[in-house]
Amino acid sequence: MATVLSITNQKGGVAKTTTSLALAHAFARFFPEKKILLIDLDSQRNATSILLGGAKDIPPEVSVHALFQASKPTSALLHQTAVPNFFIIPSSLHLVEVESQLSGALDGFFKLKDALEGLKNEFDLILLDCPPSLSVITINAMVAADFLLVPLQISKFSIDGIQNIRDAVSTVNRRYNANLKILGGCLTLHDGRTTLAQAMIPEVEKILPILKTSIPRSVAVEEAHLLRQDIFEYAPHNKVAVAYQNLAQELVPHFGWGAIEGMP
Ligand SMILES: Nc1ncnc2c1ncn2[C@@H]1O[C@H](COP(=O)(O)OP(=O)(O)O)[C@@H](O)[C@H]1O
Ligand SMILES: [Mg+2]
């Protein structure tokens, strides 16, 4: 049965998509026997355009739009990426229309969870790349997920934001999904040398545990995205590639997987 990991933060630009892509590639690469699925839940479709090409919109009937409408068997929505054991259910601009439909439906928070039931036997890990809002789609992700990872960039605003995520998770835990667990915050675009970042970490930790691995900044990330390559292919020895490999290694015990080969 697949573990479901949601990459969530209602702030934009904190590296949710970058982290979703890098983790999916790390898991797919270092665990070739595991089957990985990424679901792009953001109508801006950044993950989709990097993995499948950005020029054309994917028809809504073979995207996450159809998944929320339960209009097709979920297995018909899977798109193969360039990596054999890594699949994506792409996003669509039409996802926006789904939000109002979900808000009006009695079971509107459960659509994603229900849809994933049919896929959980087929995959080992399902990653959810969330939109930059605490919308009904993000709540769907929290209801469907086993674990939440919160990429965050240290700032005063990020502290207000993570309190909101904590509150949402408490409500989801109480009412919809007692199983959901926050794995922690992952510091992204991180410059550990600044005194501001150092001073704010204890403030963040009052709200959310912070994972050991942080992700530094590098132009290689943007360059790899432009070439639609993954960071391990584009710059395997870059500090960001190394950091994401470490993050993958830090997370796998939660999935009950063994260590990445060659890593302690
Ligand atoms: N480690 C990093 N170093 C440099 N740029 C990064 C890094 N991580 C993300 N970025 C860039 O920051 C921007 C926001 O990242 P993105 O993953 O799209 O965030 P989100 O999905 O949270 O909106 C993108 O332009 C991305 O290329
Ligand atoms: Mg994104």
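## What covers helix α6?

What covers the buried residues of α6? In this predicted model, the cover includes three strands and helices that come up again below, among them β1 (3–7), β6 (147–152) and α7. Also included are α4 (95–103), α5 (111–117) and β5 (125–129).

There is plenty on α6 to cover. Eight of its nine residues are buried, so the helix counts as mostly covered. If you want to pick them out in the viewer, the buried ones are I137, T138, I139, N140, A141, M142, V143 and A144.

## α6 against α7

Helix α7 deserves a look of its own. Two packed helices are described by the angle between their axes and the distance between the axes. For α6 (residues 136–144) and α7 (residues 156–175), the angle is about 55° and the axes are 10 Å apart. The two helices are therefore oblique to each other, since that class takes angles that are neither under 35 degrees, nor over 145, nor from 65 to 115. As for handedness, α6 passes α7 in a right-handed crossing.

On the α6 side, the contact is made by I139, M142 and V143, and on the α7 side by A168, V169 and V172. What kinds of residue make up the contact of α6 with α7? Six are nonpolar, with no polar and no charged residues. The spacing within the contact has a simple background: an α-helix has 3.6 residues a turn, so residues three or four places apart point the same way.

## α1 against α11

Another helix pair to check is α1 (16–30) with α11 (residues 239–255). Their axes come within 9 Å and cross at roughly 70°. That makes α1 roughly perpendicular to α11, because the perpendicular class runs from 65 to 115 degrees.

From α1, the residues that take part are A22, L23, A26, F27 and F30, and they meet Y244, Q245, L247 and A248 of α11. By class, this contact holds eight nonpolar residues, one polar and no charged.

## The shell around ligand 1

Helix α1 also turns up at the ligand. How many residues surround ligand 1? The count is 18, and the closest are A15, K16, T17, T18 and V221. The elements giving two or more residues to this shell are α1 and α9 (219–226).

The shell is a mixed bag in residue class: seven nonpolar, eight polar and three charged.

## Two buried positions: S20 and L5

S20 sits in helix α1. Is S20 buried or exposed? It is buried, since 26 other C-beta atoms lie within 10 Å and 20 or more are enough for that label. Leaving aside neighbours within four places in sequence, S20 is in contact with I7, L38, A47, L127 and D129. Of these, L127 makes a handy distance check: S20 and L127 are 107 residues apart along the chain, and their C-alpha atoms are separated by 6.8 Å.

L5 lies in strand β1, one of the elements that cover α6. L5 is buried too, with 24 other C-beta atoms within 10 Å. Not counting residues up to four places away in sequence, L5 touches L125, L127, A145, F147 and L149. For a pair spread across the model, try L5 and V204: 199 residues apart in sequence and 21 Å apart in space, C-alpha to C-alpha.

## Positive phi and an exposed helix residue

Most residues other than glycine have a negative phi, and most peptide bonds are trans. Which way does phi go at A70? It is positive, near 50°, in a residue other than glycine. A70 is in the loop between α3 (64–69) and β3 (79–80), and it is exposed, with 12 other C-beta atoms within 10 Å.

R228 also has a positive phi, near 55°. This residue belongs to the loop between α9 and α10 (231–234). With 14 C-beta neighbours inside 10 Å, R228 counts as partly exposed.

Finally, E205 is in helix α8 (residues 195–205). E205 is exposed, given 12 other C-beta atoms within 10 Å. From E205 to H25 is 180 residues along the chain, with the C-alpha atoms separated by 28 Å.

Definitions and conventions:
Residues numbered from 1 in each chain as written. Chains lettered and ligands numbered in written order. Predicted model: local features only at pLDDT ≥ 70, side-chain atom pairs only at ≥ 80, totals over all residues. Near = placed C-beta within 6 Å. Helix = DSSP H or I, 4+ residues; strand = E, 2+ residues; numbered from the N terminus. Nonpolar A, V, L, I, M, F, W, Y, C, P; charged D, E, K, R; others polar. Axes fitted to C-alpha atoms, helices over the stretch in contact; angles between N-to-C directions. Left-handed = near helix turned anticlockwise from the far one by under 90°. Contact = placed C-beta atoms within 7 Å.
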